[in-house]
Amino acid sequence: MMRRRIIGRFKRSKQGGWEGEISTLAIQRQIRLVPNDDRVSDRAPSFRVMLGWHHIGDAWERTSHSEPPREYLRVRIDDPFYPISAMLFPDAEGLTAHLVLPPERTNFHSDTAG
């Protein structure tokens, strides 16, 4: 079983988005995911990631390929020192959620020169 690397805990906001905290070794910040009311296409982000009034990333609605399928948000935070690509999984009631890093892809190739 693969262990989830949870880097954030969120709750539903009154505006229909999410609010919570990201906590890693490098970052500890309160952020909000605000519904994107200016969507002009289906490929546009569903949410804007905000730090205060600053737009720092985006999130797109997705559905997992697992059985049963599960709704989640694909989150991209554009930090110049530590860009984050993660998934926000709501609980069964849709009131709280965890921000989870994707599993690491490990290459076991060794470079053995001469």
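## Exercises on the strands

Let's start with one residue pair: Arg32 has Met50 as its bridge partner in strand 4. We're working with a predicted model, where local features need pLDDT of at least 70 and side-chain atom pairs count only at pLDDT 80 or more, while totals for chains, interfaces and linings use all residues. Numbering runs from 1 along each chain as its sequence is written, and side-chain values use heavy atoms, with hydrogens and water left out.

**Exercise 1.** Work out which secondary structure elements the protein chain has.

*Solution.* Start with the terms: helices (H or I, at least four residues) and strands (E, at least two) are DSSP runs, numbered from the N terminus. On that basis you get zero helices and eight strands. Along the sequence that reads β-β-β-β-β-β-β-β.

**Exercise 2.** Trace how strand 3 is paired, one partner at a time.

*Solution.* Two strands pair if DSSP finds at least two bridges between them. Take strand 2 (residues 18-23) and strand 3 (residues 28-35): they're antiparallel, over six bridges. These two make a hairpin, with four residues between them, and Glu21 sits opposite Gln30 of strand 3. Next, strand 3 also pairs with strand 4 (residues 47-51), again antiparallel, over four bridges.

**Exercise 3.** Find how much of the protein chain is buried, and what it exposes.

*Solution.* Buried means under 20% relative accessible area (1.4 Å probe, protein chains only); 32% of the 114 residues qualify. As for the surface, about 8700 Å² is exposed (Shrake-Rupley method, 1.4 Å probe), with carbon and sulfur atoms supplying 51% of that area.

Conventions. Buried means under 20% relative accessible area, exposed over 50%, partly exposed in between (1.4 Å probe, protein chains only).
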